[in-house]
Amino acid sequence: MRKQRETQYIHGRGSTQAFYRSLSMPIFQTSTFSFATGEEGARRFAGEEQGYIYSRLSNPTVQALEDKAAEAEGGEKGLAFASGMSAASAVLTSLTKAGDHILCSNGIYGCTYGLLRLLQEKYNITHDFSDMRSIEEIAENIKPNTTCLFIETPINPTMRVIDLEMAAALAHQHNITVVVDNTFSSPYLQQPLSFGCDIVIHSATKYLNGHGDVIGGIAVGRQDYINELAATVRKDMGGTMAPFDAWLLLRGLKTLHVRMDRHCYNAEQLVKQLKQHPHVEEVFYPTDSSHPDHTIAAKQMKKGGGVITFKIKGHKEDAMTMMNHLNLVKIAVSLGDAETLIQHPATMTHSTIPQIERERMGVDDGMVRLSVGLEAWEDIWNDLEQSMDRL
Ligand code: LCS
């Protein structure tokens, strides 16, 4: 019988006891693996025999994580990278060649925007952004040379939500591969492959790890695609995850469901408080009834997640003042950690996006993004409230 996802995170693929019945996966801190004979080495290089060769290509600890992440996403195979950006760049370069076109959600993480610019300027792989609110809105932006739909949902930091089932159905009519950056939801809250999307990527730095001590990335998809990605882009461009980071991620993943439930609960309580505060102009949280996409969020997400974006009344300076008076909540980029973190997207995570583009994506200067941690929500609220009282 297929295990429930909570059980999979703890016992699933990747939690092997093959090594002396060790409960935790050993860390294979080795760069290379010796061959019994020259012929054995030659067979492994020729792909005629399974086995490890060199840790840029594969490593047992990293592979255990790849198996576990693939299972968590309901995919056939996973591949781990040194960062979320190396996962995104590997997937996008594998799906495109010079002259191709990427259609992207209107809103993405700042460095993913930078990657799209780089691909355009250096390799003539062009892109457009679309709100993707309807089939028509996606269809009108698809070109004959579109090979990839790249979707972030919920979008960092605007929290807009895109209907994955709708996007995948339309893309497949045009033979277009759908890539979803599932960082904000984690597979516990949303499984894009189950809606027909083709490839999921993660900044594993965030919820998958959950403890603010790893930079990592994951891609999950069909076995033939991931095998090709491993044998080409990741092998030759590098960006492989280190064994110790994979081990930390294996440890973090075991508690994903417990952490996510608490992140979501805390976020739901804080949304209620923030909506009533006189210094808060608007709150953006996917499953809240005031959110324009809440019905899509309810359809494809188990809960709303641990990130809340809100607009402080006034100007950028007021958002800064509010952040500067926080004590418990730390001013830091990243998200998905035990500690509650706050940042100002316009001058931090999304600062490299030109202002005009940022505004088109809905990233306002008054917005702050709160990554709700695992503390008692009342303590987080008390800190936010006292800092807003200074305005
Ligand atoms: N995708 C999303 C949605 C992200 O939020 C990030 C990082 C990445 C990809 C890249 O992952 P990395 O290479 O950092 O592991 N987002 C960050 C953020 O919002 N604050 O700091 C980093």
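Contact here means heavy atoms within 4.5 Å. The model is predicted, with local features needing pLDDT of at least 70 and side-chain atom pairs counting only at pLDDT 80 or more, while totals for chains, interfaces and linings use all residues. Residues are numbered from 1 along each chain as its sequence is written, and side-chain values use heavy atoms, without hydrogens and water.

In the pairing of helices α3 and α10 (DSSP runs of H or I, at least four residues, numbered from the N terminus), Thr-61, Val-62, Ala-64, Leu-65 and Lys-68 of α3 meet Pro-243, Ala-246, Trp-247, Leu-249, Leu-250 and Leu-253 of α10. These contact residues divide into nine nonpolar, one polar and one charged, where Ala, Val, Leu, Ile, Met, Phe, Trp, Tyr, Cys and Pro count as nonpolar, Asp, Glu, Lys and Arg as charged, and the others, Gly among them, as polar.

Two pockets are compared below; a pocket is an open set of points on a 1 Å grid where a 1.4 Å probe fits, with protein on both sides within 12 Å along at least five of seven lines, and lining residues have an atom within 4 Å of a point.

| Pocket | Volume |
|---|---|
| Largest | About 720 Å³ |
| Second largest | About 330 Å³ |

Among the 22 residues lining the largest pocket, Gln-50, Gly-51, Leu-57, Ser-58 and Ala-230 are the closest to its centre, and α9 gives the most to this lining, with six residues. The second largest pocket is also lined by 22 residues, with Gly-84, Met-85, Tyr-109, Ser-203 and Lys-206 nearest its centre.

Methods. Helix = DSSP H or I, 4+ residues; strand = E, 2+ residues; numbered from the N terminus. Points joined across faces, edges and corners; volume = space filled by probe spheres on them.
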